[in-house]
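Reader: I'm new to this one and a bit lost. Please pick a single part, stay with it, and take me through it slowly.

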Amino acid sequence: MPQRERIPSSWTVEAAGKDSTKPSVHLRCNDATLPFEFNFEAVRPNVFRTTFTSTTHPLPPRPSVPRAETKLDGVQPKVTSNDKGTKIQIGDVVANVDYAGETPLLSVGFDGQPPILQDLDNRSYAVNGDGIAHYTQYNRKTFHVGLGEKAAPMDLSGRRFQISATDSFGYDAHRTDPLYKNIPLLINATPQGCVAMFSTSHTRGEYSIGSEMDGMWGFYKVYRQDFGGLEEYIITGKTLKEVVQTYADLAGYPLLVPRWAFGYLSGGMKYSMLDDPPAGEALIELARKMKEHDIPCSAYQMSSGYTVAEQHPKNRHVFTWNRHRFPDPEDWIKEFHKLGMRTIANVKPYLVSSHPEYQKLKDAGGLFLDPHTKEPAVTKLWSAGGGERANGGHIDFTSEAGYNWWYNGIKRLAEEGIDCMWNDNNEYTIPDDEWECALNVSKDVLEVPEGLEKRPQVGLWGRSLHTELNGKASHDALLAVNPDSRPFVLTRSATAGTMRYACSSWSGDNTTSWDSMRGSTALGLNAGLSLMQCYGHDIGGFEGPQPDPELLLRWVQLGIYSPRFAINCFKTGEDNSIGDVIEPWMHPSITHLVRKTIKRRYALIPYIYSLSLESHQTASPPQRWIGWGYESDPEVWKLLDGEKQYWLGDSILVGGVFEAGASKVKFYLPKASDDDEGYLNLNAPYQYLEAGQWVDLDVEWHGAGIPVLGKVGRAVAVGRDVQVLSPGEKENVANLPLDDYRGVEIFPPQKESRDGKWHETTWYEDDGTSVSTKNKISSYTIAYSATESEIKVKFSKDESSGFQAPWKSLVVILPFGDLRKVVSEDKEVVDLGLSAEGKKQYELK
C-alpha cells in the first residue's frame, strides 16, 4: 500500500467549539493546503463521535450505521475548556481533547484512572493519499478484540489485519487474512474498563494493533482507511457486555432467527451437483436416510449446483434451475418439506457472461462501469468446478436495474417455496477501486450526499457497501412474499450494517484439521462481540480431507454448543466438480455417538433459542469469552486466546479437545466472587468442582466427551430431542410433534444452598416465526434452594406479552446421582422417577 502521509498541524478552535456548555470540540486546520476539520462530541453518556474530514476527504457517503443523534438521557455533562484543551466528563467517563500542540490529542477513560485510549502525540490524525490514518498509543499486555472475524487467537494484540473481505477458500484459521468480514470495530478491554473504536466506513484499509513500532513514536496502533474521511465512534463501558450493548444501540440489535434454524443444518456441494441420480432425487434420499438413522435434521443448505446450466459450459447461473436435476422445483420443495427439511438456497451476486440474462442486465446498467473502457466492468468469477473461472460482472446494488433484478430473483425463489436465502460469494473481490457505481437506486435504498454523485468510484463508496445492500435486497424480498414471517438471510460476508438484514453468518470455507477446529472458537467469540451472534462453523471442515472418526465426533460434540450448527462441505480431490461430502453416519463405529450428540442439540434448543432472544433484546452473544461476567477474576485475563473454553450463556461452560488421543484436558473454572458455589461436571464422573481453580477433566472421545460444566445455581431449559413444530407455524406438512414438553435441568449445590440462598434462572420463548414488529416474547423463571435432603422450587411465568407456551407443565430434572426430593409451596409435585438417562425427574403442575 503506498504511503502518502501528511499530518495537518496548527489548529484553531471554531466559534462553535468555544461554547463551554456543550460537550463538543470543533477545530479547523490553518494550513490552506490541508483544509481539514476535526470535530469531537458526546452523543451518548458513554459514546463520543470523532470526525476528521475535508472536501477532498468527505464523511463516509453511506455509513455502515445511521448517524447517531445526541441523546444524553438527561445527564448533564461537565465541560471545562481553556486555550489548551477541553475536558468533558459524563458520570465517571472522562474525555480530554488537547489542542495546544501540533495535532489534536484525544484521551478517553474513567475518572481516577489512566486513560485507556490515547492519541499518538504529533501524529494522531493524518491524511494518507485518498484516505486517512488514526494513530493511538498501544496498550501493551491488554486485550484487543472484535474486527468481526479474524484469524485466531481471539486476542488481536500485536498483529496487523486488512480491513477487507475476500473468498478465502480453505483458509488457515490461525494465519489467513483477510477472511470474509469488514467490520472495523476494535475493543480494548482491561480489568478497569473497556474502550472501543468503530469506523463507519465501508472502504478497505488496515488495522495495525501494536504490530509495528518505531524508536521515535514508540508502541502504537493505527487504523488506516484507504478512501475518504474519518467518522469514528468511541464507546466506553466497564465491561465487554456494556460496550457490545452500546454498539448495538448504534448498529442495530441482532435480528430474530426462525426457531427451526437452531436445529441441525445439513449440507454439502455433492448432492446438488449430481446428474445420476438427479440431485433432487438424491436429496430426497438423504432426507429419508436421516430418518432411517434416527438423526433429526431441520434443513439442507442447497449449494449452487441447482443453478448449474445443463449445457456446456455448465456454469453457475444464479436464479436459474437445472431442470434435469430438479424437473419441477416447486413440487420437489413440497416433497422435501414433507420430510421435515427446509431449503436454504445458495445465491451469488454476480453473473458470468454465459448467464441467460447477462446481456440484459449489462445493457440495463446493472453492473459496474469500467472508466477505462467506458463499458460494463468485466472480471474473472468462479464459474463451475473448484477454482474454475469465467468472465462476468458483479451486480451493482447502487443501480436501480441491478438492485431490482436481485430483489425480483429472490422473490421468485421465495414464491417457489425456498425458506432461506444464502447470500454467498458476496465479498465483492473486484480488482479496481476506480470502477464506478451507478448511484441511481431509489432513495429508500441509498441516499447520495450532495456532490458525491460526481464521485461514483467504488473505492470511496466501498466494495462492502454492496455486501450490505445485497443483504437488504434479499431481506426485503423475503418480507414482501411472507410479510408475517421473519426473513432468514444467511450471509458469508458482512459489514456492521449487513447484520440489520441478515440474521445469521458463519466462518466460511474452513479446512479439516484439529488446528482449524481449535481456531474456530476464537473466530466465533470475536464474531459475537461484533454482533454476528447466530454464527457457527462448517462442522468437520469444508475443504480438505475427510475427517477421521475421532475428529468428526469431537467437532460434532463441540459444534452443538455453538449458536449455529451445520455440517457442510466441498471435499475437492480428483473430482473438481462434485466432490465428497460429510455424512453423520459416514463412520459406522461412531454413528450412535453422533446421533446421541445431535439429539442433545435438539434437547438444548429451548436454552439456545432463549439465548438468541436474549441476543435480540440485549446484544449479549450466546457464545462468550470465559471472562464475560467474571472480570474480577485475575486468572481470566491470562486466558485471552479464546480457543479452548467459553461460556454458552450463563449456565454452561464448554471446552474442546483439540488433539487426537487425548484422555484428559486442563480446564479453568472462573470465579465470580467469594460466594461463588462452583460447577458441576455434566459428563462422567459428574463431580462438583470449586470455582477459581484449574482442574484435569476426563475427556475420552468415546466416553465422557468434551468438557461441559453446569454453573451451580443456574438452570437450562430443555425440550424434546427431536425436531418439533414451532408454535407459530401454521402448517405441519411433515407431521412434526408439537413443542409441548418443557424440562429444566437444575444445578443445585451438592449439599445446601449457602445461607438459604434462592438461585434463579429466567429463559425466554416466543412463537419462533413472527416478524419483530408482531413478535411477542414471554419469560419463564425457575428458582430453587437446596438442603441436604430436599430442593425447594418456585416456578413463575410472565405471558403478559400475549404469547402462551404450548407446554402446560414443567419437569424439573436433577443431576446424575442427585436423589433429593423436590418440593414446592405453590405447585403440585409429581415424582416421575428416573429418566431414560437415569436422572431423577419431578413434574410441576
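Author: UniProt positions follow the numbering used here, with shortened feature names, and annotations may be inferred rather than shown by experiment. With that in mind, let's take the part that UniProt, in an unreviewed entry, lists as "domain: Glycoside hydrolase family 31 TIM barrel", residues 254-611. Two housekeeping points. The model is predicted, so local features need pLDDT of at least 70 and side-chain atom pairs pLDDT 80 or more, while totals for chains, interfaces and linings use all residues. Numbering starts from 1 along each chain as its sequence is written, and side-chain values use heavy atoms, without hydrogens or water.

Over residues 254-611, the chain is 34% helix and 14% strand (DSSP runs numbered from the N terminus: helices are H or I, at least four residues; strands are E, at least two). The C-alpha atoms at the two ends of that stretch are 12 Å apart.

Now the barrel. Eight strands make a closed barrel in the order 20-21-22-28-29-30-31-32, and the pairing is parallel (two strands pair if DSSP finds at least two bridges between them). From one strand to the next, the twist averages 25° (axes are lines fitted to C-alpha atoms, for helices over the stretch in contact, and angles between N-to-C directions run from 0 to 180 degrees).

Let's zoom in on one pair of neighbours. Strand 21, residues 299-302, runs parallel to strand 22, residues 342-347, and four bridges join them. If you want to find one of those spots, look at Ala299: its bridge partner in strand 22 is Arg342. Helix 4, residues 329-338, packs on the sheet here and touches both strand 21 and strand 22 (contact means heavy atoms within 4.5 Å). The direction of helix 4 makes about 135° with that of strand 22.

Further along the chain there's another helix on strands. Helix 8, residues 463-481, lies across strand 28 (420-423) and strand 29 (489-491), and runs at about 170° to strand 28.

Helix 8 also packs with helix 6, residues 400-416: the angle is about 40° and the axes are 8 Å apart. These two helices are therefore oblique to each other (under 35 degrees is roughly parallel, over 145 roughly antiparallel, 65 to 115 roughly perpendicular, the rest oblique). Helix 6 passes helix 8 in a right-handed crossing (the near helix is turned clockwise from the far one by less than a right angle; anticlockwise would be left-handed). On the helix 6 side, the contact includes Tyr403, Trp406, Tyr407 and Ile410. Among the helix 8 residues in it are Leu469, Ala473, Ala477 and Val481. The contact of helix 6 with helix 8 has eleven nonpolar, two polar and four charged residues (nonpolar: Ala, Val, Leu, Ile, Met, Phe, Trp, Tyr, Cys, Pro; charged: Asp, Glu, Lys, Arg; polar: the others, Gly among them).

One more helix pair to look at. Helix 10, residues 549-559, packs with helix 11, residues 591-618, at about 10°, with axes 9 Å apart. That angle makes helix 10 roughly parallel to helix 11. Leu553, Val556, Gln557 and Gly559 make the contact from helix 10, meeting Leu593, Val594, Thr597, Ile598 and Arg601 of helix 11. By class, that contact has five nonpolar, three polar and one charged residues.
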